[in-house]
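Here is a set of short exercises to work through with the model open beside you. Try each task before you read its solution.

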Amino acid sequence: RWYRRRQRQMCIRDRNTSLFSNVADYEHFSKARRGATAIPDELISIKNPVIGFVGAISAYKVDFDLLSYVARARPDWSIVLIGKVGEGDPGTDVSSLELENIHLFGPRAYDQLPAYIKGFDVAMIPVVLNEYTHAMFPMKFFEYLAAGKRVVSTNIDSLKNYHDYACIADSYDGFIHCIDEILSSGSDVDLDNRLELARQNTYRIRTEKMLAIMSEASE
């Protein structure tokens, strides 16, 4: 009897539960598409193409083996990583990333990020697949799209429905293939669709959707 009552309670709770993913500050990251936004000198000085990442450079989130594999397979590419090493994971060892074409820039101020992302030829989400990332949604996905960048990602659960907006790779070689495809096709492919998706995933739009659900539930 207790079990059946508990099941009914869970069903009621599920009917009144809505899941929302991370969102991004569209206006802020869209600055990357403005002519007045200057790419930082330290990024300009690096050989193109630049394959870039912004976020915590921590072993529990980032696939270091993938990054070193890509760097070795494509020595003519520059892998740029912007973020704090070991955030949330002080034991992070980045020795595998000590390659000539991998550049660890360290963290940069939030207001500078659009300028750095502007200098990326491809924006990447090299997330390692584990129990933690099984339940995560990378905020940087919509940030990259707002910046007008084409995105390549590992096949994490939260991005499985976004194949029309990013190249999702199932393997290390597939990740390289995605980047090759993006570099050969140009950054403007499907740009309008990517920007529209980013516009629909802002703090304002998300709040409006939440308020609408709450209003409907109270009627």
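## Exercise 1: A loop residue

Asn48 sits in the loop that runs between helix H3 (41-44) and strand E1 (50-54); helices (H or I, at least four residues) and strands (E, at least two) are DSSP runs, numbered from the N terminus. Before going on, note that this is a predicted model, in which local features need pLDDT of at least 70 and side-chain atom pairs count only at pLDDT 80 or more, while totals for chains, interfaces and linings use all residues. Residues are numbered from 1 along each chain as its sequence is written, and side-chain values use heavy atoms, with hydrogens and water left out.

Task: find out whether Asn48 is buried or exposed, and which residues Asn48 touches.

Solution. Step one is the accessibility: buried means under 20% relative accessible area, exposed over 50%, and partly exposed in between (1.4 Å probe, protein chains only). Asn48 has 52% relative accessibility, so Asn48 counts as exposed. Step two is the contacts, meaning heavy atoms within 4.5 Å. Setting aside residues up to four places away in sequence, Asn48 touches Asp76 and Asp121. As a last step, look across to Glu100, 52 residues along the chain from Asn48: their C-alpha atoms are separated by 14 Å.

## Exercise 2: The disulfide

Task: locate the disulfide and say which elements the link ties together.

Solution. Start with the sulfur atoms: a disulfide is a pair of cysteine sulfur atoms within 2.5 Å. The structure holds one, joining Cys167 to Cys178 with an S to S distance of 2.0 Å. Next, take the angle about the S-S bond, which is -70 degrees and makes the link of Cys167 and Cys178 left-handed. Cys167 belongs to strand E6 (residues 167-169) and Cys178 to helix H7 (residues 172-185), so the pair ties together parts that are eleven residues apart in sequence. Finally, compare the two ends: Cys167, at 25% relative accessibility, counts as partly exposed, whereas Cys178, at 4%, counts as buried.

## Exercise 3: Strand E2 and the core

Task: work out how many residues of E2 are buried, and which residues Ile79 is in contact with.

Solution. First, count along the strand: five of the five residues of E2 are buried, so E2 is largely enclosed by the rest of the structure. Second, sort them by face: Ser78, Val80 and Ile82 are on one side, with Ile79 and Leu81 on the other. Third, find the neighbouring strand. E1 and E2 run parallel and are joined by five bridges (two strands pair if DSSP finds at least two bridges between them), and Phe53 has Leu81 as its bridge partner in E2.

Now turn to the largest nonpolar core, a set of buried Ala, Val, Leu, Ile, Met, Phe, Trp, Tyr and Cys residues joined through side-chain atoms within 4.5 Å. This core has 61 residues, and those with the most contacts inside it are Ile79, Leu81, Phe120, Met124 and Phe141. Leaving aside neighbours within four places in sequence, the contacts of Ile79 are Ile51, Leu67, Val70, Ala71, Asn101, Ile102, His103 and Met124.

## Exercise 4: Two helices

Task: list the buried residues of H4 and of H8, and say what covers them.

Solution. Begin with helix H4 (residues 64-73), where Phe64, Leu66, Leu67, Ser68, Val70 and Ala71 are buried. Their cover includes strand E2 (78-82), strand E3 (102-106), strand E4 (122-125), strand E5 (151-154) and H7.

Then move to helix H8 (residues 191-199), whose buried residues are Leu191, Arg194, Leu195, Leu197 and Ala198. They cover an arc of only 160 degrees around the axis (taken from the directions from the helix axis to the C-beta atoms), which puts them on the same side of H8. An α-helix has 3.6 residues a turn, so residues three or four places apart point the same way. Helix H2 (26-29) and helix H6 (140-146) are among what covers the buried residues of H8.

## Exercise 5: Strand E5 and the loop after it

Task: find the bridge partner of Met124 in E5, then say where Ser158 lies.

Solution. E4 and E5 pair in the parallel sense over three bridges, and Met124 has Val152 as its partner in E5. Both faces of E5 are covered, with Val151 and Ser153 buried on one side and Val152 and Thr154 on the other. Ser158 lies in the loop between E5 and E6, and is buried, with a relative accessible area of 19%. Not counting residues up to four places away in sequence, Ser158 touches Met136, Phe137 and Pro138.
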